[in-house]
Amino acid sequence: MSADGGKANIIRLFNVSKRYGGKLALDDITLDIDPGEFVIVSGPSGAGKSTLLKVLYLAERVSEGQILIDGMNLARISSGKLPFLRRRFGMVFQDFKLIPNRTVFENVALVLQVAGEKPSYIKKKVMHVLRTTGMEKKANHLPPTLSGGEQQRVAVARAVVGEPSIILADEPTGSLDDHSAQLVLDLLMEYHKKGATILIASHNLGLLESSVRGRNIAIEDGKLQGISTMLY
Ligand SMILES: Nc1ncnc2c1ncn2[C@@H]1O[C@H](COP(=O)(O)OP(=O)(O)OP(=O)(O)O)[C@@H](O)[C@H]1O
Ligand SMILES: [Mg+2]
């Protein structure tokens, strides 16, 4: 139960640790996140921010501890069920992970095609998110021909297009100028207002113009340093 009246937590971490060889990237993290929360995960380079988002997306398995997503224990998700779980998430990887030999349009459309949406809906929806990120003119380009900032905007468009209930965005404005960064943040805010739970990993907290109440989860050296409510 959450403090604000009984909504079940959408994300729960119990004593989660992640070890890469001898390196403890996450060290005994216990944390609850409510549905619809806006969360910034902050901390210096190497703190474990990307690792935290990756274990939630099951891009990495934890070494110890448990993670529940909507009450589902991630340790019990078989590889066959993984694609269904992943549809609940939109993930922006720090290194984008776009498919290099598919166009921008195809990269973004794939999520909706896999979900069995109609081609007319797919076209409308994909063009909407590309327009909102300022990428509509590059719809027919291949990712390797784009700048880093353009690829990042496509990665954000792809993460939100399926209207997932949880959006995990790893440094989603890291390669962007102020104008494009604001477009990306506005797009994330649009989905936040529709009810999505948003986790953004960032070491730059000063970017949001719109005032949104959220939580800052500070990590350092894999450890939870503190949680505070902020107006971003
Ligand atoms: N695949 C990996 N193999 C070995 N060590 C790793 C791997 N991924 C991350 N690490 C280590 O785990 C620690 C946390 O890495 P992580 O990428 O989560 O940090 P971060 O907070 O996202 O940093 P940044 O702000 O630079 O993106 C670092 O010390 C990193 O070197
Ligand atoms: Mg990172």
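# Close-up views of a predicted model

Helix α6 is followed by glycine 195, which has a positive phi, near 115°. This residue opens a set of legends for a model that is predicted.

**Figure 1. Helix α6 and its buried side.** Helix α6 covers residues 178-193, 16 residues in total, and its first and last C-alpha atoms lie 22 Å apart, close to the 22 Å expected at 1.5 Å a residue. Which residues of α6 are buried? They are Ala181, Val184, Leu185, Leu187, Leu188 and Tyr191. Viewed down the axis of α6, these buried residues fall within an arc of 155°, so they line one face of the helix. The face turned away from this buried side carries exposed residues, namely Asp178, His179 and Lys193. The buried residues of α6 pack against two helices, α4 and α5, and two strands, β7 (166-170) and β8 (197-201). A general rule helps in reading such a view: an α-helix has 3.6 residues a turn, so residues three or four places apart point the same way.

**Figure 2. Helix α4, with a buried face and an exposed side.** Helix α4 runs over residues 119-132. Its 14 residues reach 20 Å from the first C-alpha to the last, close to the 20 Å expected at 1.5 Å a residue. Val126, Val129 and Leu130 are buried in this helix. Seen down the axis of α4, the buried residues fall within an arc of 100°, so they line one face of the helix. On the other side of α4, Ser120, Tyr121 and Lys124 are exposed. What covers the buried residues of α4? The covering elements include α3 (104-114) and α5 (148-160). After α4 comes glycine 134, whose phi is positive, near 75°.

**Figure 3. Helix α5, enclosed by the rest of the structure.** Helix α5 has 13 residues and reaches 19 Å from its first C-alpha to its last, close to the 18 Å expected at 1.5 Å a residue. Of these 13 residues, 11 are buried, so α5 is largely enclosed by the rest of the structure. The buried residues include charged and polar side chains as well as nonpolar ones: among them are Glu150, Arg153, Arg158 and Gln151, and also Val154, Val156 and Val160. The elements that cover the buried residues of α5 include β6, α3, α4, β7 and α6.

**Figure 4. Alanine 157 and the largest nonpolar core.** How many residues make up the largest nonpolar core? There are 60, and those that touch the most other members are Val41, Val108, Val156, Ala157, Val160, Ile167 and Leu168. Alanine 157 is one of the buried residues of α5. Leaving aside neighbours within four places in sequence, alanine 157 is in contact with Val108, Val129, Leu130, Thr133 and Met135. Two of these partners, Val129 and Leu130, are buried residues of α4. In soluble globular proteins, nonpolar side chains tend to be buried together.

**Figure 5. The shell around ligand 1.** Around ligand 1 there are 13 residues, of which Tyr20, Ala25, Ser45, Ser50 and Thr51 come nearest. Two elements, β2 (23-33) and α1 (49-56), give two or more residues to this shell. The largest share, 3 residues, comes from α1. By type, the shell divides into 3 nonpolar, 8 polar and 2 charged residues.

**Figure 6. Three residues of the loop between β6 and α3.** Glutamine 94 is found in the loop between β6 (89-92) and α3. Is glutamine 94 buried, exposed or partly exposed? A residue counts as buried with 20 or more other C-beta atoms within 10 Å, and as exposed with 12 or fewer. Glutamine 94 has 18 such atoms, so it is partly exposed. Not counting residues up to four places away in sequence, glutamine 94 touches Ser50, Asp170 and Glu171. Its C-alpha atom is separated by 19 Å from that of valine 62, 32 residues away along the chain.

Phenylalanine 96 also has its place in the loop between β6 and α3. Although phenylalanine 96 is not a glycine, its phi is positive, about 70°. With 19 other C-beta atoms within 10 Å, phenylalanine 96 is partly exposed. Lysine 97 lies in the loop between β6 and α3 as well, and its phi is positive, about 55°, although it is not a glycine. Lysine 97 is partly exposed, with 15 other C-beta atoms within 10 Å.

Definitions and conventions
Residues numbered from 1 in each chain as written. Chains lettered and ligands numbered in written order. Predicted model: local features only at pLDDT ≥ 70, side-chain atom pairs only at ≥ 80, totals over all residues. Helix = DSSP H or I, 4+ residues; strand = E, 2+ residues; numbered from the N terminus. Expected span 1.5 Å × (residues − 1). Arc of directions from axis to C-beta. Contact = placed C-beta atoms within 7 Å. Core = buried A, V, L, I, M, F, W, Y, C linked by C-beta atoms within 7 Å. Near = placed C-beta within 6 Å.
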